[in-house]
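Got the coordinates loaded and a few minutes to spare? Here are some exercises to work through by hand, each with a solution laid out in steps.

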Amino acid sequence: AACGNGEKKATETTAASTTKAQTTTPGSSSRAKEISLADTQRIGNENFGYINIPKDWVVYNFKAQSSKTLKYSSPDKHNMLLMESNTKDTVELGPNETFDAQLLADRLYSFWGKAKNQTSLEGVKAIFASEDAFLIKVTFKNGNILYEWVFQKGDKVYNITIVGSEDMIKALRPVLEQSWGLDPNIPGK
């Protein structure tokens with residue numbers, strides 16, 4: 001119940017197509033960065049759902065690439081998006097466990113709690129793509145932040161994870177929350 005405890009933070013989803021965040025890059029002053037749906041590409045498939053990410057992000061390939069996870073990264077590989085989904089038959093259940101988003105969120109919260117390189121961990125309730133979700137927030141020693149949303153739609157539990165700088169997550173979070181859906185062409189549907 002680690003993710004079930006804590007303050008309920010329900011964010012309202014709006015139809016805004018642009019979001020702003022303050023960003024600072026080495027050698028430059030702070031400036032407003034906008035991410036517009038027009039500056040994104042729609043990625044995904046029927047297994048993971050579909051989501052909008054920046055146009056310049058690419059499939060992240062490595063030798064141990066798993067078909068269970070879809071990975072995209074920024075060109076510099078400092079920011080990454082991961083998409084996963086599970087059904088009841090893909091998760092090993094204990095004798096008193098029920099397959100649902102809370103079970104998987106609790107398992108992930110426990111996993112991140114044991115990570116040696118994390119400096120803070122928080123689990124809250126949230127809204128993601130108009131669905132009740134569990135949001136796990138992790139801060140790492142290297143300064144990176146991880147946001148992992150876990151939610152159920154139909155008979156699947158989905159995980160959408162974004163890892164990178166705090167500025168990037170602030171700028172991209174509304175686009176992710178509003179654009180995920182099961183329609184390959186229409187964000188949020």
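**Exercise 1. Follow the strand pairing: which residue of strand 10 is the bridge partner of Thr-139?**

Solution.
- Step 1. Thr-139 has Ile-145, in strand 10, as its bridge partner. Keep in mind that we're working with a predicted model.
- Step 2. Now zoom out to the two strands: strand 9 and strand 10 run antiparallel and are joined by seven bridges.
- Step 3. Look at the connection. This hairpin puts four residues between its strands, and Gly-143 there has a positive phi near 95°.
- Step 4. Carry on to the next pair. Strand 10 (residues 145–153) pairs with strand 11 (residues 156–164) over nine bridges, again in the antiparallel sense. Here Leu-146 has Val-163 of strand 11 as its bridge partner.

**Exercise 2. Work out how strand 8 and strand 9 pair, and over how many bridges.**

Solution.
- Step 1. Strand 8 covers residues 118–128 and strand 9 covers residues 131–140; they make 10 bridges in the antiparallel sense.
- Step 2. Check the register with two pairs. Leu-121 faces Val-138 of strand 9, while Lys-125 sits opposite Phe-134 of strand 9.
- Step 3. Inspect the turn. Two residues separate the strands of this hairpin, and Ala-129 in the turn shows a positive phi of about 50°.
- Step 4. Ask how enclosed strand 9 is. Eight of its 10 residues are buried, so strand 9 is largely enclosed by the rest of the structure.

**Exercise 3. Put the sheet together: what is the strand order, and which strands stand at the edges?**

Solution.
- Step 1. Start with the inventory: the protein has two helices and 11 strands. Read from the N terminus, the elements go β-β-β-β-β-β-β-α-β-β-β-β-α.
- Step 2. Seven of the strands make an open sheet in the order 5-6-7-11-10-9-8, with antiparallel pairing.
- Step 3. Find the ends of that order. Strand 5 (58–59) and strand 8 each have a single partner strand, so one side of each has no neighbour in the sheet.
- Step 4. Recall what holds such pairs together: strands of a sheet pair through backbone hydrogen bonds.

**Exercise 4. Hunt down positive phi values outside glycine: where do Lys-77 and Ser-130 lie?**

Solution.
- Step 1. Set the baseline: most residues other than glycine have a negative phi.
- Step 2. Take Lys-77. Its phi is positive, near 65°, and Lys-77 lies in the loop that links strand 6 (69–73) to strand 7. With a relative accessible area of 49%, Lys-77 is partly exposed.
- Step 3. Take Ser-130. Not being a glycine, it still has a positive phi of about 65°. Ser-130 belongs to the loop between strand 8 and strand 9.
- Step 4. Apply the cut-off. Exposed means over 50%, and Ser-130 counts as exposed because its relative accessible area is 60%.

**Exercise 5. Is Tyr-72 buried or exposed?**

Solution.
- Step 1. Locate Tyr-72: it is part of strand 6.
- Step 2. Buried means under 20% relative accessible area. Tyr-72 comes in at 12%, so it is buried.
- Step 3. Check one contact in space. Tyr-72 and Leu-82 are 10 residues apart in sequence, and their C-alpha atoms are 6.6 Å apart.
- Step 4. For the whole protein, 43% of the 189 residues count as buried.

**Exercise 6. Check helix 2: what span should its 14 residues have, and where does it bend?**

Solution.
- Step 1. At 1.5 Å a residue, helix 2 (residues 166–179) should span 20 Å. Its end C-alpha atoms are 20 Å apart, which agrees.
- Step 2. Now the axis. Helix 2 bends by about 40° at Leu-172, with Pro-174 following within four residues.
- Step 3. See what is buried. Among the buried residues of helix 2 are Met-168, Ile-169, Leu-172, Val-175 and Leu-176.
- Step 4. Add the geometry: an α-helix has 3.6 residues a turn, so residues three or four places apart point the same way.

**Exercise 7. Describe the second largest pocket: which element gives the largest share of its lining?**

Solution.
- Step 1. The space in this pocket is about 360 Å³.
- Step 2. Its lining has 16 residues, with Glu-84, Leu-108, Phe-111, Glu-148 and Asn-159 nearest the centre.
- Step 3. Strand 7 (80–87), helix 1 (101–113), strand 10 and strand 11 each give two or more lining residues. Helix 1 has the largest share, with five residues.
- Step 4. Sort the lining by class: eight residues are nonpolar, four polar and four charged.

Conventions: Residues numbered from 1 in each chain as written. Predicted model: local features only at pLDDT ≥ 70, side-chain atom pairs only at ≥ 80, totals over all residues. Heavy atoms only, no water. Expected span 1.5 Å × (residues − 1). Bend = angle between axes of the 7 residues up to and from the residue. Buried < 20%, exposed > 50% of the residue type's maximum accessible area, 1.4 Å probe, protein only. Pairing = 2+ DSSP bridges. 1 Å grid on protein atoms, 1.4 Å probe; cavity = no way out; pocket = protein on both sides within 12 Å on 5 of 7 lines; lining within 4 Å. Points joined across faces, edges and corners; volume = space filled by probe spheres on them. Nonpolar A, V, L, I, M, F, W, Y, C, P; charged D, E, K, R; others polar.
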